[in-house]
Amino acid sequence: MSTTFTLDTSTSRANPTPKPLKRLTVPAVQRRKFEGKTEEPLVMLTAYTARTAQLLDAHCDMLLVGDSLGQVIYGLPSTLPVTLDMMCNHGAAVVRGSYHSLVVVDMPFGSYEKSPEQAFESASRIMAETGCAAVKLEGGQSMASTISFLSQRGIPVMAHIGLTPQAVNALGGYAARGRTQEEHEKILADATAVADAGAFAMVAEGVLEPIAISVTKSVDVPVIGIGASAQCDGQVLVTEDMLGMFERTARFVKRYHNISENIEQAAESYAEEVRNRSFPGPDQLYQPKK
Ligand code: KIV
């Protein structure tokens, strides 16, 4: 990996950071896009637990504690019921479990839309309680003043444009965005607005490929695609989706594994061995010393 790591922002950790690993910083992520181009695309995956963070850390530039944890971890129907407490608890676990990826924590629905001041209160709590380096929030032009307020006060913001899941009720579903001229223009205007407001990077989710390419070319900050284009400056996926944890996933997900099958097979073997009393066996038992 070509990244330079210079700062460790964790607040608490059971074990010290192994040298020479240092955490990737926000300016280092920004520098990966130089004169409008990103030589080596940025790699981002979601993580919600310390152990997952440990496993992904060496392979990623950024770990996203996404509010998708609402569906993935808590079985909620959407991201809307996700709370600040959930994001803080999972964010802290991911920071503890990682050493060099830059950790970004999602701001949950209702924690930032009211005013820049409300957003500052929520974001500063997330950063103080988790040790993450940046927050992510959904919205384009309508969030520009909030992004500017946070950025000017030391809170790095990753924006999220295109398909914004917290707006599922207003959008009428999770379909790709940009099929009408109006939507197309809005996505481009959103990208410019959040970049001008000071977002250090942005996620472009579920947008038609030509629009994703235009967005990537039109802003100086890295554009991280999901259901967008391989020409973006980086990619993000929900880890459980790419591991094959769920039966149904969006079209843009590529499954790199079929972990649900492995889990079911392991559970089946365990249940059989418990029922026929072959588990625990001699290797798992303690006997008096002879
Ligand atoms: O919540 C999340 O996991 C996200 C990604 C899908 C970008 O926002």
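This note covers the ligand site, the cysteines and the aromatic side chains of a predicted model.

1. Ligand surroundings. The residues around the ligand are Thr46, Leu64, Gly66, Asp67, Ser68, Asp106, Lys136, His160, Val203, Ile226, Val236 and Val238. Three of these residues, taken up in the next point, place polar side-chain atoms by ligand oxygen atoms.

2. Polar contacts to the ligand. For lysine 136, a polar side-chain atom is 2.8 Å from a ligand oxygen. In aspartate 67, a side-chain N or O atom lies 3.0 Å from an oxygen atom of the ligand. For aspartate 106, the distance from a polar side-chain atom to a ligand oxygen is 3.1 Å. The ligand taken alone exposes 260 Å², and the protein buries 95% of that area.

3. Cysteines. The disulfide count is zero. The sulfur of cysteine 88 has its closest cysteine sulfur in cysteine 132, at 8.4 Å, and a disulfide needs the two within 2.5 Å, so this separation is too far for a bond. Cysteine 132 is likewise in no disulfide, its nearest cysteine sulfur being that of cysteine 88.

4. Cysteine exposure. Cysteine 88 has a relative accessible area of 2% and is buried. Cysteine 132 is also buried, with a relative accessible area of 5%. Both values are to be read against the cut-off for buried, which is under 20%.

5. Aromatic side chains. The count of aromatic pairs comes to one. Separately, arginine 153 sits over the face of phenylalanine 149, and its distance from the ring centre is 3.6 Å.

Note on methods
Residues numbered from 1 in each chain as written. Predicted model: local features only at pLDDT ≥ 70, side-chain atom pairs only at ≥ 80, totals over all residues. Heavy atoms only, no water. Buried < 20%, exposed > 50% of the residue type's maximum accessible area, 1.4 Å probe, protein only. Phe/Tyr/Trp six-rings, centres within 6.5 Å; stacked < 30°, edge-to-face > 60°. Lys NZ or Arg CZ within 6 Å of the ring centre and 35° of its normal. Near = heavy atom within 4 Å. Polar contact = N/O pair within 3.5 Å; in protein donor to acceptor, adjacent residues only side chain to side chain. Areas by Shrake-Rupley, 256 points an atom, 1.4 Å probe, with all protein chains shown as cover.
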